[in-house]
Amino acid sequence: MWKLVQSGLSVVAGTAEPEYGAEAIHPVGFNLEEGDPKYSDLTIEDMKYVSPNHTNVETQTFYFEDDSYAGFAQVIHSNVIGLHTTAQFTFKLFPKANPKDFVWTSTKLENFSIEDGTDFKADGLTIVLNKDTADEYQLDSSVNKLTEVHLTMKRIGQGIKFGKDGQTLYGTDIDNPWGNMRHVFWPRCHVNGEIILRELKPGQDVDYLEPSELEYLDKEKIEIKDGLTMYVMALQGMKPHHAAATWDFLNYQSKDYSVVIMEFTTPPSYNTTKVSVCMTVDKDGKVILATMNNKTEHLDCEKDETSGWEVPKRIQYTMTDDDAEEEERVQVQVRGDLKCLCERVDVMAEIPQFVKNIVSGVAGTKPYIFQFSNEMELTIKRGDKVEVDEKGYAYSETTFITAI
């Protein structure tokens, strides 16, 4: 995931690990007992930053789309070995008809703080949760004059965490894990607001002028109206090439359904273990299926000459309710051609040279993120009966970090 690997030294520096084996990985839901629910509604405590005092990256990400545009807004809060904390705001916007024509900004934040556990504030940026209802975020950003963002996201239905706390733990002692991964979700939200795009006034010497001295011209004002958003709050409590070798992410939205899947596979040091959660909700946010029994298939793969990775040309996500009787078993499948590659992100190009020198010694570490924007088909079956067969918009990511 872009949000999990775009934060410099704390994320990519380090060495390869020995093979600890299956006893050192505890996937989300590992501590559930028979009869325990696999997922539960979020409380306001679940919406708070964890802010551990060791190396970690914690993020809030809103993936939004309406009839014309799609993109995401994200804050990245990084802590390096408990000594140095940084924050970044990243924003991407593109027309759905032409995903490669995107606007992208990534801006270092100053004077940032976490307030009431849930709200993130910095010079020129606020992301505030409505405490009375705990179902609405207001995001206002003017930290980068090229992309000024004002969005209101209101949850439809419930928020979701899997297991008891949404966490996967790493280490042989679960009471004292040496790493963790955490995700909590709002799978379906309304979004409304506006985005103001600007461009630099021609003729300025950007190499010598301070940012405050630069002049801008208004380019376009984009209204996001009656759109849909998926929100995820994530914590990565260890270096990414230790935690995961690959990632797959899907955000499918249509008039009537939302499907979100977050899946990663650990490197051999943690037994090449797949960890996967999926939520399917209807237009009112009612859960149709929430499961940890999921399968992502990369189909018609071809070697990408730039990165060297085998990249899918088609993809299929299958989610199954393994607790129900066969005749009532719900299966959700999202599939489609990956015709539109928004961007191939070379993570190593985003970090300082001295970090690259360190990472070059880690065998197989070659992180690339492939971001796709496509129409896909959703099928929902109950037993042998097809109950839903429709098409919707899918933003998806396939990430390769290390070889398995």
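This is a short talk on one histidine, a group of paired strands and some salt bridges in a predicted model.

Hi everyone, thanks for coming. Please keep in mind throughout that we are looking at a prediction.

Let me start with H183. You will find H183 in strand 14, which covers residues 179-200. Is H183 buried or exposed? Its relative accessibility is 8%, so H183 counts as buried, the cut-off being under 20%. And which residues does H183 touch, leaving aside those up to four places away in sequence? The list is G166, V232, M233, A234, W247 and M262. G227 makes a useful landmark here: H183 and G227 are 44 residues apart along the chain, and their C-alpha atoms are 23 Å apart in space.

Now over to strand 27, residues 385-400, which pairs with strand 16, residues 246-253. These two run antiparallel and are joined by 8 bridges. If you would like one pair to click on, take L250, whose bridge partner in strand 27 is S396.

Strand 27 also pairs with strand 26, residues 368-382. How many bridges join strand 26 to strand 27? There are 15, and this pairing is antiparallel. Here T379 has D389 as its bridge partner in strand 27. Strands 26 and 27 form a hairpin with 2 residues between them, and in that turn G383 has a positive phi of about 65°. While we are on strands, a quick reminder: side chains in a regular strand alternate between the two faces of the sheet.

Last topic: salt bridges. Searching the whole structure gives 19 of them, and I have picked a few.

One joins D135 and K154, with the closest N and O atoms 3.0 Å apart. D135 sits in the loop between strands 9 and 10, while K154 belongs to strand 11, so this pair ties together parts that are 19 residues apart in sequence. D135 is buried, at 13% relative accessible area, and K154 is partly exposed, at 35%.

Another links the side chains of E115 and K121, at 3.3 Å from N to O. E115 is partly exposed at 32%, and K121 is partly exposed at 27%.

Then there are the sequence neighbours K255 and D256, whose side chains meet at 3.3 Å, N to O. D256 is partly exposed, with 23% relative accessibility, whereas K255 is exposed, with 68%. Elsewhere, K38, D322 and D323 are joined into one network by salt bridges that share partners.

That's my tour, and I'm happy to go back to any of these spots with you.

Notes
Residues numbered from 1 in each chain as written. Predicted model: local features only at pLDDT ≥ 70, side-chain atom pairs only at ≥ 80, totals over all residues. Heavy atoms only, no water. Helix = DSSP H or I, 4+ residues; strand = E, 2+ residues; numbered from the N terminus. Buried < 20%, exposed > 50% of the residue type's maximum accessible area, 1.4 Å probe, protein only. Contact = heavy atoms within 4.5 Å. Pairing = 2+ DSSP bridges. Salt bridge = Lys/Arg side-chain N within 4 Å of Asp/Glu carboxyl O.
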